[in-house]
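Please look over the sequence and the three-dimensional model shown here, and then read the short report beneath them.

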Amino acid sequence: MNKNILSIFRLFMILGLFSLSTLIVNQSIHAAVKTKPLPIKKVRVRSYQNRTLKVTWKKTRGADGYQIYRYEPKKKKFVKAGEVEAGKKAWISPKVKKKQTYKVRAFRKNGRKIVYGKFSYEVSAIFYKKQAKKVNAGKVIPSCTYKKLNYYDTLKIKVRIKTSTHAGNKKAKVYDKKLRWYSSDKKIARVDDKGVVTPTGKPGVCQIYARAHNGNCTGDITVKVVNYARPDQFRDVEHTQKDIAKLLTNYPEELKEIAEYFERKHAEKKGKAPTGSIYLNDGRTAIEANSKMEFKEIYDVLFKVLDSFPGEMYIMVTDDIVEFNLSNEYYKNVLRFCFNSLEGMEESVGHFRVASRWTYENYAYV
């Protein structure tokens, strides 16, 4: 009797485990179907044979197929142009007469249910024959592949676009020279549509890319953003290191905004904008009595820095600099932004460059 009960108990245990494992598998499959496929990467389009274009991409894991969409100018929207199975990573268009613009997305099936991934970036190309005068982009070659920047620097990346090697015409020109710029991490650095890279306040490493109209790309341009609040040059600046470190670390965006505001004002008035010193007194923010310097638009930022910085400071604007002065009766302690280039500047003990147009001066009064 006991043996029979034990056997029945074992049978129920086996059935229970089987049901549980089946449930887990079904849930996993259901979750997998619900999960969207990853976005498509490395999308390219090029001139192909018999007046056609060839769109290619990198296969993404878990996709059951890919859809290709073409932009219809008359309808002012993208429409489905084709679909291929998961094993394929290319699609050939029908015959074309004009420039065509495409984007691609992956999809995943489960019976009648279909889950779509996000669309890729757009790519465009024209068909052309040998010796054509206008062709698609070939290699995209950057002027640099690695740069180190601090919070106060900007970098203009120059890029050269070569014509497609299939052109067979050395005098051929790329029909669309516009580059599409993007950053791998905007929290570290952003890049505008002219290739100007600007750190955004967080130290680290990111990649900057420039992509041509047809998807051809520069590859990695590595940008390392560092905090120059404590650079190697500051080792000998013992008595003021803490003050300048606080200023550079806690107010990077404010310093840049103030400096660039007054630089614009001087440029607008061709270097003849009024100058003066801005500081705190009993009436909060004050300005030198004989100055007509304009700072209403930047007042909130000035007030934030002057009023919240844990120490005495005044800001002085002259013909070619904005000066953040932390000096006292014993030490000269000044951070400057120069409107003009610092090329050729001679550095010395206590006076050196912090960034492309920022200098730091420190010495003890004798």
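The report that follows takes up a sheet and then a pair of helices.

The model is predicted, and its description can begin with an open sheet of three strands, which run in the order E12-E17-E16 with antiparallel pairing. Strand E12 (155–156) and strand E16 (189–191) stand at the edges of this sheet, and because each has a single partner strand, one side of each is left without a neighbour in the sheet. Between E16 and strand E17 (residues 196–199) the antiparallel pairing extends over three bridges, and in E17 it is Thr198 that serves as the bridge partner of Arg190.

The two helices discussed next are listed here with their residue ranges.

| Helix | Residues |
|---|---|
| H3 | 252–268 |
| H4 | 299–308 |

Helix H3 has 17 residues, which at 1.5 Å a residue should span 24 Å, and the end C-alpha atoms of H3 are indeed 24 Å apart, in agreement with that expectation. Several residues of H3 are buried, among them Pro252, Leu255, Ile258, Ala259, Tyr261 and Phe262, and the buried set also includes Glu254, Lys256, Glu263, Lys265 and His266. After H3 comes Lys270, whose phi is positive, near 55°.

The axes of H3 and H4 come within 10 Å and cross at roughly 130°, and the two helices are therefore oblique to each other, with a crossing that is left-handed. Where these helices meet, Glu254, Glu257 and Ile258 in H3 are in contact with Val301, Leu302, Lys304 and Val305 in H4; of the H3 residues named there, Glu254 and Ile258 are buried.

Notes: Residues are numbered from 1 along each chain as its sequence is written. This is a predicted model: local features need pLDDT of at least 70, side-chain atom pairs count only at pLDDT 80 or more; totals for chains, interfaces and linings use all residues. Side-chain values use heavy atoms; hydrogens and water are left out. Two strands pair if DSSP finds at least two bridges between them. Helices (H or I, at least four residues) and strands (E, at least two) are DSSP runs, numbered from the N terminus. The expected span of a helix is 1.5 Å times one less than its number of residues. Buried means under 20% relative accessible area, exposed over 50%, partly exposed in between (1.4 Å probe, protein chains only). Axes are lines fitted to C-alpha atoms, for helices over the stretch in contact, and angles run from 0 to 180 degrees between N-to-C directions. Angles under 35 degrees count as roughly parallel, over 145 as roughly antiparallel, 65 to 115 as roughly perpendicular and the rest as oblique. A crossing is left-handed if the near helix is turned anticlockwise from the far one by less than a right angle, and right-handed if clockwise. Contact means heavy atoms within 4.5 Å.
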